[in-house]
Amino acid sequence: MDLPPSAPPPAPALSPSARVSPLSGVVPLGSAGAQTVGDAGDAGDASSAGLRPAWLLPAALVGGLAGAAWQVRQPVLWPPWAYGLLGLVAGVLALALVRAPGWWRRAGLRTGAVALAAALAMAGVTGLRAAHFAAQALSPALEGRDIRVTGTVVAMPQPSAVGLRFRLAVESAQLAPPQGARRGAVQSPSVDAPQGIAAGATADAALGGQPVRLPTLIDLGWYHSTLYGTGDAAARPAPALRAGERWALTVRLKAPHGARNPHGFDYELWLWEQGVQAVGYVRTGARDVPPVRLEATAQYPVEQARQSVRDAILDALAAPGDGPGSGQGAQVAGVVAALVTGDQRAIDRADWDVFRATGVAHLMSISGLHITLFAWLAAALVQWLWRRSARLSLAVPAPSAALVGGAALAAAYALFSGWGVPAQRTVTMLCVLALLRLAGLRWPWPQVWLLACAAVVLTDPWALWQSGFWLSFVAVGILFATDSGAASARPAGVRGRFILMLREQWVVTLALSPLGLLLFGQMSLVALGANLLAIPWVTLVVTPLALLGVLWAPLWQLAGWAVQALVAFLQPLASVPWASLWLAQAPLWAGLAGVLGGALLALRLPWPVRALGLPLLLPVLCWQTLRPAPGQFELLAADIGQGSAVLVRTARHSLLYDAGPRYSLDSDAGERVLVPLLRALGERLDVLMLSHRDSDHTGGAPAVLAAQPQALLTGSIAPETAPAALPPAQPCVAGQRWHWDGVEFAVIHPAQPATAHTPGSARRPQTNAHSCVLRITAATGAAALLAGDIERAQEQALVAAGAPLAADVLLLPHHGSKTSSSAEFLDAVGARSAWVQAAYRNRFGHPAPEVVQRVQARGMALVQSAHCGAATWSSTQPAQVQCERQQRARYWQHLPP
């Protein structure tokens, strides 16, 4: 689940009298002396303590934003009637305001009452929307069942090295027949044959599958290999799916369940915002009813066009040949495709690393900047064409036609680019501002800014949890504030425009850097220089060429060359050791102080006032995560799916025990979870210990070592069998012992270093048996035992040898497999809590029911990462375990039954 990059700040204006800003696109000129709401009426309020109607709309906007923010922070949803009651109270309060007696005004309560009514109304509406959507969730009883689904592909599929992923709009669903009855259902392997369609329909009807209710939208994977869950050695490869096609498929589904780690990406919120409530994969084994492509449909023409354009770009730029642009490869093609169709997954991961390190990642997608510039150019073109017709100009003024046409064409462009959340925000803002201008209203910029924020939150309240929302509106607000009243002082000419662009880029960089540290713990130190070239180059050269290539394909070659030139400029900047600054992520109060400090430094204020921003920056720049006291240690078991990764922290040292699994050919737990987690906590690893060489324990190690090259690699990995991506590891052997800050670390297994299999033998070595078992003991005696994947034989050997096994926390061997965690071993350990790091609904069935029974029979608290998320434990409080899913619960997050 590759993460979409944060949206760049969108720009909030659309008119021929606006100017192009280097970051936010189009920004209206200062509005000194502009007409404000309420200036034209209700003069009776003028004497009521300054509470004029001009304050009522801002109060309503602020109240609505506060109500939405309160509701989306709820850990659990209320019953629908409770949200309806909030709306009813808001309506009663609004009615009282309409018929307000005089004391409302004299007491100065009118503005507060408006804000409260708006807050209650927005909270009620948001809660009702959430409750209605949550009621359509996938039933737990259907998880893991074979279901025959008929539906339409609603978006262009995303191919990968292991298959493809696609989104399906469900039309009907029924439980698939049992395996025995399924064999004769459809014999034809063809997905296109009309006879297969008829035969499949007849067979399914004869088997009498029970109809079931599924969510409207589901995300599916269609994989080539049994490694990724097809469950059958004879699995059929994925066909070339097209948006708009109807299919009958046998699928297995589960509720969306993502990793929950401190400062981590919220995968479940990401799907919630897109309306997806189930994920799964297509069953294509020999004993499954084959997938059947049904009749063609004219639905989703925009997605069909997007897919055609994307495929044409990839074919034109990624194909070898002797013509122009040949050999540019999939990397360049991915960037061009992303700029035209919004398909960000087409961009190579190495390129994303360069773009993020140089602070230009916001340009490599359909951003607010691109949509706003497109709107401005479209408005200019519409106005020029409109003025060519006297009849049209007399019917509707050209500026008004330009506003409507620019906003409409910008919406069409955003729709073609995939209608992502950043695009929706930008179009909403543009439409709001266009309506204000059409109405002849020239409001002060804070009121315009608030209205745009409220309009976006009204359409998507959960955008308040998205980093792109805050980056967008903080940047736009800063540009509004620093531009106010400065129109007359604007320099003219090319040199003047360059100076203006430099200043605005500096202002936005200064204001957003503390916010970036708060949201991501990262700040690009070369972003200012990189953006000075990248913004005009991408906006004025690459993007227009890429878009015009839809009309004349050879222009895509020119766009590809332009991308190559940009990457050649950015790569040296990204390779500078200090290109990116990674700091521990500060708490909210420190981040807000830093944002305020950056804003003070950026505003047009006297320098003594600006200087007050410097001390406000110190908390976010100097924040350090609290560490254990000397003699104590902490454990953090990361939520990484099916695998192991436990961070051990003492007062001044850190050890990572295992590095999680490899998810796919281009993704692993190190790159997705562990490296961001370590950076957010400000950790500098001393040791990376890999218990053994299985991929669910070593898959993320290369990424971790690349980000933490100073870490010593140790583990039970034979040099002959070590993964090629890993350097040689120092063996871990029983008897190794060291002390950090008063905490003892002791390896108690294996007795001998891991070795390769006997020469001449084809048998795979028993890597589980050689797992490193690490015992950590605090000065107070509290202990933790990390047992790797040892099995019953090794457990019994440790018990028989009298090894020191007693511990407060036990990482259950082999993820709770039935071949481990014997009764004798559990008795010898006597832990307060037993931890299982395993994926939700994993195919191995971890933890095994018999292991769960043994653990619970001994009074141990069972802590499963699928239920708990990241688990945190401190030796100072050995009886307590903190779960990320409970500590930061939100109602859209999945809680397994």
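The following exercises, each with a worked solution, concern selected features of a predicted model.

**Exercise 1. Helix 20**

Determine how the span of helix 20 relates to its expected span, and which of its residues are buried.

Solution.
1. Helix 20 covers residues 588-602, which gives 15 residues.
2. From its first C-alpha to its last, helix 20 reaches 21 Å. This is close to the 21 Å expected at 1.5 Å a residue.
3. A residue is buried when its relative accessible area is under 20%. In helix 20, eleven of the 15 residues are buried, and the helix is mostly covered.
4. The glycines among the buried residues are Gly-591, Gly-594, Gly-597 and Gly-598. Ala-590, Ala-593, Ala-599 and Ala-602 are buried as well, as are Val-595, Leu-600 and Leu-601.

**Exercise 2. The surroundings of Asp-696**

Establish whether Asp-696 is buried or exposed, and identify the side chain with which its own side chain makes a polar contact.

Solution.
1. Asp-696 belongs to helix 24, which spans residues 695-698.
2. The relative accessible area of Asp-696 is 17%. The cut-off for a buried residue is under 20%; therefore Asp-696 is buried.
3. The side chain of Asp-696 makes a polar contact with the side chain of His-815, at 3.1 Å.
4. Leaving aside residues up to four places away in sequence, Asp-696 touches Gln-642, Gly-643 and Ser-644, then Gly-660 and Pro-661, and also Asp-789 and His-815. His-815 thus appears both in this list and as the polar partner of Asp-696.

**Exercise 3. Two cis peptide bonds**

Locate the prolines Pro-750 and Pro-847, and describe the peptide bond that leads into each.

Solution.
1. The bond from His-749 to Pro-750 is cis, with omega near 10 degrees.
2. Pro-750 is placed in the loop between strand 21 (743-749) and strand 22 (773-777).
3. His-846 and Pro-847 are also joined by a cis peptide bond, whose omega is about -5 degrees.
4. Pro-847 is situated in the loop between strand 25 (833-836) and helix 28 (849-857).

**Exercise 4. Positive phi angles**

State where Tyr-300 and Arg-841 lie, and how accessible each residue is.

Solution.
1. Tyr-300 is not a glycine, yet its phi is positive, at about 55 degrees.
2. The loop between strand 9 (292-293) and helix 8 (301-318) contains Tyr-300. Its relative accessibility is 31%, so Tyr-300 counts as partly exposed.
3. Arg-841, likewise not a glycine, has a positive phi of about 55 degrees.
4. Arg-841 occurs in the loop between strand 25 and helix 28. With a relative accessibility of 45%, Arg-841 counts as partly exposed.

Note on methods: Residues are numbered from 1 along each chain as its sequence is written. This is a predicted model: local features need pLDDT of at least 70, side-chain atom pairs count only at pLDDT 80 or more; totals for chains, interfaces and linings use all residues. Side-chain values use heavy atoms; hydrogens and water are left out. Helices (H or I, at least four residues) and strands (E, at least two) are DSSP runs, numbered from the N terminus. The expected span of a helix is 1.5 Å times one less than its number of residues. Buried means under 20% relative accessible area, exposed over 50%, partly exposed in between (1.4 Å probe, protein chains only). A polar contact is a pair of N or O atoms within 3.5 Å; within protein, one must be able to donate a hydrogen and the other to accept it, and residues adjacent in sequence count only if both atoms are side-chain atoms. Contact means heavy atoms within 4.5 Å.
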